[in-house]
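Student: I would like a close look at one part of this protein, with enough of its surroundings to place it. Please take a single sheet and work outward from there.

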Amino acid sequence: MWERGRPPRKPRPSPILVPPPPSSPPPRLNLLLPRSLLALAARAMPSRRPSPVLLLLLALSLALLFLILSPSSPSASVFSRSLSSGSAIASSSPASTPAPPAPVKIYLYDLPAKFTYGVVRSYTAARAPSGSADAAAALPDEQLRYPGHQHAAEWWLFKDLLRRRPWDRPVARVDDPSDADLFYVPFFSSLSLVVNPIRSPPAANASGAAAAYSDEAMQEELLEWLKRQPYWRRHRGRDHVFICQDPNALYRVIDRISNAVLLVSDFGRLRSDQASLVKDVILPYSHRINSFKGEVGVDGRPSLLFFMGNRYRKEGGKVRDALFQILENEDDVTIKHGTQSRESRRAARQGMHSSKFCLHPAGDTPSACRLFDALVSLCVPVIVSDYIELPFEDIIDYNKISIFVGISKAVQPGYLTSMLRRISSERILEYQREIKKVKHYFEYEDPNGPVNEIWRQVSLKAPLIKLLINRNKRLLERGTNGTDCSCICSTTPTEITAAS
């Protein structure tokens, strides 16, 4: 539009000289061409002619932008370096690599010494020659040694907490119980069970300790001591941890501590309302024979299958006698009766180190240290059991390191040996390689072995414990059916099927 009576003004050429775009601009800068931006700016402005000052400022800004982003410009390299460094900083920021979770804080109860070192002294005193003085009685606590025992995990865990290992582990020991998430009760319950031999105990020695010891009395005294602790009473022991590897350990008080986390080897003698995979932890037995130090291979293992142990067992262990009858006449199978002794362990080491497969039938309970003796020997375990719990199954696939055979098939004449003979040497080597990868999880003497893994498993229970504690606070009525939501995994396959 123009004013009335005046002709329209002739358009003046713009005094602004816009630099031409580079001859070969980078593909990613195509959208930054000045003509495109000017067109966008023009469309965004009012329909009347824009101010020359505004156009001049826009042109200067575009020229400066091209100077910065030009590939031949020093400023571009500086700018790109700054962008690269910024990206590197962002990629290495804590947000992109989350820090490991803080360790679960655990308090080690300072139990009276009779529950820890005192159990070791009582054990050695009970086995001292009649009428002689017990050498262990005069030793200070730090010089005592735990006797060779398949349930030595209770000793390894206790000593580990005493050492105050670094905080970059799943659990960290704290001195103030008010800071603790969990409370560890270091009673040597499995050793206490066998202080006095099963056979008639010998006459009391010079110290008289053998005749005075009672495992049942110790269990009751432990529970009375705990009842006096405010942190035990606070949540009825739900945030406490007990180790009871032997299937009969703590049997007298197990119903009264079943709220707690139990460290066990299997659930063979525990009811579903006492223990479960939800709240408890499965531990490996401590192996009793020396680990195999050689490489994988089958040339030095002429025996097909090896077993050495008690032939006659009760309950589920009756399968052993049937396997003895089937296998004892096989040429390349070694199966013999043996009891716990130094000579038996030596023979077991030689047999396992020279066999391709090691038989692991159920005993009085589904598991035994023989399985872990086989694993540290690189002897592929053949597990004959319809129900067995195994440690650390969230990180170990036992199908890669073991062969599982149902009892009904294993007791068929010729089934086991014909199946094992069909397994190729290359497949046996694969089993051995996989065993070697995870062998350290079963060697308690390894600094990165089962102790760390047990603590990791224990730490995973802390959130559930917190949930149950908070839930228990707000419940107005308790159920009358005797069930506990923390024990939803039962101990028999039929019960699991029925529950599902």
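Tutor: What follows takes one sheet, then the helices and loops around it, and then the rest of the chain.

The model is a predicted one. The protein has 500 residues, of which 44% count as buried. Its secondary structure comprises 18 helices and 11 strands.

The part to look at is an open sheet of five strands, ordered β8-β7-β9-β10-β11 and paired in parallel. Its edges are β8 (333-337) and β11, each of which pairs on one side only. Ignoring direction, neighbouring strands in this sheet are turned against each other by 20 degrees on average.

Start with the pairing of β7 and β9. These two strands run parallel and are joined by three bridges. Within that pairing, Phe306 has Cys358 in β9 as its bridge partner.

Ser303 belongs to strand β7, which covers residues 303-309. Is Ser303 buried or exposed? Its relative accessibility is 11%, and the cut-off for buried is under 20%, so Ser303 counts as buried. The side chain of Ser303 reaches the backbone oxygen of Leu305 at 3.4 Å. Leaving aside residues up to four places away in sequence, Ser303 touches Asp332, Thr334, Ser354, Ser355 and Lys356.

Next come the helices around this sheet. Helix α10 (residues 319-327) lies across β7, β8 and β9, and runs at about 135 degrees to β8. Helix α15 covers residues 425-438, and its 14 residues should span 20 Å at 1.5 Å a residue. The end C-alpha atoms of α15 are 21 Å apart, which agrees with that expectation. The buried residues of α15 are Ile428, Leu429, Tyr431, Gln432, Ile435 and Val438. What covers these buried residues includes three strands of the sheet, β9 (355-361), β10 (380-384) and β11 (403-405), together with helix α12 (369-376).

The loops deserve a separate look. Leu378 is found in the loop between α12 and β10. Phi of Leu378 is near 60 degrees, a positive value in a residue other than glycine. Leu378 has a relative accessible area of 1% and is therefore buried. Phe392 sits in the loop between β10 and β11. For Phe392, phi is likewise positive and near 60 degrees, again in a residue that is not glycine. The relative accessible area of Phe392 is 3%, so this residue is buried.

Past α15, Asp446 lies in the loop that leads from α15 to α16 (450-459). Asp446 has a relative accessibility of 23% and so counts as partly exposed. A polar atom of the Asp446 side chain lies 2.8 Å from the backbone nitrogen of Asn448.

For context, there is another sheet in the chain. Six strands make up this open sheet, in the order β2-β1-β3-β4-β5-β6, and the pairing is parallel. Its edge strands are β2 (171-173) and β6, each pairing on one side only. Helix α5 (residues 153-163) packs on the sheet, where it touches β1, β2, β3 (182-185), β4 and β5. The direction of α5 makes about 105 degrees with that of β1.

At one side of this sheet, strand β1 (residues 104-108) runs parallel to β2, and three bridges join the two. Val104 stands opposite Val171 in β2.

Toward the other edge, β4 (residues 240-243) and β5 pair in the parallel sense over three bridges. There, Ile243 has Leu263 in β5 as its bridge partner. Strand β5 is also joined to β6 (residues 281-282) by two bridges, and these two strands run parallel. In that pairing, the bridge partner of Val264 is Ile282 in β6. Which way do the side chains of β5 (residues 261-264) point? Val261 and Leu263 point one way from the strand, whereas Leu262 and Val264 point the other way, and all are buried.

Finally, two figures describe the protein as a whole. Among contacts between residues at least 6 apart in sequence, 70% join residues at least 24 apart. The accessible surface comes to about 27500 Å², and 55% of that belongs to carbon and sulfur atoms.

Notes
Residues numbered from 1 in each chain as written. Predicted model: local features only at pLDDT ≥ 70, side-chain atom pairs only at ≥ 80, totals over all residues. Heavy atoms only, no water. Helix = DSSP H or I, 4+ residues; strand = E, 2+ residues; numbered from the N terminus. Buried < 20%, exposed > 50% of the residue type's maximum accessible area, 1.4 Å probe, protein only. Polar contact = N/O pair within 3.5 Å; in protein donor to acceptor, adjacent residues only side chain to side chain. Contact = heavy atoms within 4.5 Å. Pairing = 2+ DSSP bridges. Axes fitted to C-alpha atoms, helices over the stretch in contact; angles between N-to-C directions. Areas by Shrake-Rupley, 256 points an atom, 1.4 Å probe, with all protein chains shown as cover. Expected span 1.5 Å × (residues − 1).
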